[in-house]
Amino acid sequence: MPPLALAALKVAFLVLLYLFVWRTVRSSVVDLRAASPPRPAAAVGPPAPSRRRSRAPRRLVLVDERGRRSTAFSLEGTLQVGRAEACHVRLVDSYTSQFHARVFARDGAWFVEDLNSTNGTFLNERKVTSAAELHPGDRLRLGRTVLEVRA
């Protein structure tokens, strides 16, 4: 084998090795961050006026492909949604990120925010770019999974 080809194979092997180590460390850091307690959100000011409905949401219901309800999760405290073991709402969907979204209460209302997921979080088929208020009847799509907000 010519020396130039051998050198190219060595470099390619080292690149793959460093890529593997980087992905492993990154995965560990993400898992360790999830285990730490959530940081309080910074106060930005009063929330923008929103359309408040008479009943507040109380649960998220997992909806399967045929539109049937399967599992309900009550809205209490802050919920992390994703594939990771540390998530409160754990999804078995390869299109969701380890820590995909966060559902939290603020000023008597419930909100959802995307946690920089790969495929995005959609509320009623609109991409969530900042904290968005949840109302009964809203549909939250994370990857291929759909969660419906219920009162």
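Arg139 is partly exposed, with a relative accessible area of 37%. In this predicted model, Arg139 pairs up with Glu148 in a salt bridge whose closest N and O atoms are 2.7 Å apart. Glu148 counts as buried because its relative accessible area is 13%, under the 20% cut-off. Glu148 also makes a salt bridge with Arg150, and there the closest N and O atoms are 2.5 Å apart. Through these shared partners, Arg139, Glu148 and Arg150 are joined into one network.

Side chains of opposite charge can pair when their charged atoms come close. The structure holds five salt bridges, and another one to look at is Glu85 with Arg90, with 3.3 Å between the closest N and O atoms. How covered are these two partners? Glu85 is exposed, at 66% relative accessibility, while Arg90 is partly exposed, at 46%.

Now for the rings. Search the whole structure and you get one aromatic pair. That pair is Phe104 with Phe111, and it's stacked: the centres are 5.9 Å apart and the planes sit at 20° to each other. It counts as stacked because the angle is under 30 degrees. Both rings belong to buried residues, Phe104 with a relative accessible area of 6% and Phe111 with 7%. Phe104 has a charged partner as well: Arg102 lies over its face, 4.0 Å from the ring centre. A similar arrangement turns up at Phe122, where Arg141 lies over the face at 4.4 Å from the ring centre.

Step back to the overall layout. You'll find one helix and eleven strands, and reading along the sequence, the helix is followed by the run of strands. Helix α1 covers residues 3–35, and Phe13 lies in it. Is Phe13 buried or exposed? Phe13 counts as exposed because its relative accessibility is 55%, over the 50% cut-off. Phe13 is part of a nonpolar patch on the surface, together with Leu14, Leu17, Tyr18, Phe20, Val21, Val25 and Val29. Taken together, the patch has about 810 Å² of accessible area.

Finally, a few numbers for the whole protein. The accessible surface comes to about 10600 Å², with 56% of that belonging to carbon and sulfur atoms. Of the 151 residues, 32% are buried. As for contacts between residues at least 6 apart in sequence, 38% join residues at least 24 apart.

Definitions and conventions:
Residues numbered from 1 in each chain as written. Predicted model: local features only at pLDDT ≥ 70, side-chain atom pairs only at ≥ 80, totals over all residues. Heavy atoms only, no water. Phe/Tyr/Trp six-rings, centres within 6.5 Å; stacked < 30°, edge-to-face > 60°. Buried < 20%, exposed > 50% of the residue type's maximum accessible area, 1.4 Å probe, protein only. Lys NZ or Arg CZ within 6 Å of the ring centre and 35° of its normal. Helix = DSSP H or I, 4+ residues; strand = E, 2+ residues; numbered from the N terminus. Contact = heavy atoms within 4.5 Å. Areas by Shrake-Rupley, 256 points an atom, 1.4 Å probe, with all protein chains shown as cover. Patch = residues over 30% accessible without salt bridge, like charges linked within 9 Å, V, L, I, M, F, W, Y side chains within 5 Å. Salt bridge = Lys/Arg side-chain N within 4 Å of Asp/Glu carboxyl O.
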